Amino acid sequence: MGTILVVYYSGTGNTKKMADLIAEGAGSGGKHKVKAVDVEALDMAEFTAADGYAFGSPDYFTYMAGQMKTFFDRTLPLVKGVKGKPFVSFVSHGGGGGAIKSLDRLGKAIGLRQVSEGAKSLGPPTKQAAEDCRKLGKALAEEVAG
């Protein structure tokens with residue numbers, strides 16, 4: 001049994017909804033402990049102990065929220081403890097969704113291994129976006145299972 005953290009920041013609640021859907025998908029097989037946690041409440045020891053990650057943010061001017069960037073800055077001394085672990089990314093947006101590139105780039109920069117293309121939602125998750133989030137969570141869980 002592994003541990004998956006869904007780390008997110010949500011300004012309007014849309015990214016949190018996506019985080020909950022990804023956690024639902026990751027936990028659907030019953031093989032892993034899955035926790036969705038607001039980045040501002042994340043314990044860094046819990047972060048390094050996890051076996052896989054999903055990172056989510058609203059899209060602000062084609063970049064992730066500042067709270068997520070600050071989180072990635074805080075991971076720099078911890079990269080040896082997370083290197084090679086799987087991750088995925090997701091964003092909510094009002095048009096564009098380019099912030100997913102910054103999440104992917106920083107996940108790779110700290111040594112994580114991206115396992116799937118991320119999920120995007122224009123506003124609140126639609127039926128299709130919800131399904132994409134669940135599938136993304138399942139894909140991450142499969143990688144954690146090895």
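**Fold and salt bridges of the chain**

Along the sequence, the secondary-structure elements of the chain are arranged in the order β-α-β-α-β-α-α-β-α-β-β-α. This pattern comprises six helices and six strands. The model described here is predicted.

The overall dimensions were examined next. Taken along the principal axes, a box of roughly 35 × 30 × 25 Å is filled by the C-alpha atoms of the chain. The radius of gyration is 13 Å, which agrees with the value near 15 Å for a compact globule with 146 residues. Of these 146 residues, 47% count as buried. Among contacts in the chain with a separation of 6 or more, 79% are accounted for by residues 24 or more positions apart. The chain exposes about 6,900 Å², and 52% of this area is supplied by carbon and sulfur atoms.

With respect to charge, the chain carries 19 positive and 15 negative side chains. The centres of these two sets lie 3 Å apart. Side chains of opposite charge can pair when their charged atoms come close. Five salt bridges are present in the structure, and three of them, including their positions and accessibilities, are described below.

One of the salt bridges joins K16 and D20, with 2.9 Å between the closest N and O atoms. Both residues belong to helix α1 (residues 14-27), and because they are four residues apart in this helix, about one helical turn separates them. K16 has a relative accessibility of 36% and therefore counts as partly exposed. D20, at 34% relative accessibility, also counts as partly exposed.

A salt bridge is likewise formed by K35 and E46, whose closest N and O atoms are 3.0 Å apart. This pair links distant parts of the chain, since K35 lies in strand β2 (residues 32-38) and E46 in helix α2 (residues 44-49), eleven residues apart. K35 counts as partly exposed at 34% relative accessibility. For E46, the relative accessible area is 23%, and this residue is partly exposed; the cut-off for a buried residue is under 20%.

In a further salt bridge, the side chains of R113 and E143 meet at an N to O distance of 2.8 Å. Distant parts of the chain are linked by this pair: R113 is located in strand β5 (residues 113-114) and E143 in helix α6 (residues 127-145), with the two residues 30 residues apart. R113 counts as partly exposed, at 36% relative accessibility. E143 counts as partly exposed at 34%.

Terms used. Residues are numbered from 1 along each chain as its sequence is written. This is a predicted model: local features need pLDDT of at least 70, side-chain atom pairs count only at pLDDT 80 or more; totals for chains, interfaces and linings use all residues. Side-chain values use heavy atoms; hydrogens and water are left out. A salt bridge is a side-chain nitrogen of Lys or Arg within 4 Å of a carboxyl oxygen of Asp or Glu. Buried means under 20% relative accessible area, exposed over 50%, partly exposed in between (1.4 Å probe, protein chains only). The radius of gyration is taken over C-alpha atoms; the globule rule is 2.2 Å times the number of residues to the power 0.38. Contact means heavy atoms within 4.5 Å. Accessible areas come from the Shrake-Rupley method with a 1.4 Å probe; for residues, only the protein chains shown count as cover. Lys and Arg count as positive and Asp and Glu as negative; His and the chain ends are not counted. The place of a charge is taken as NZ of Lys, CZ of Arg, CG of Asp or CD of Glu.
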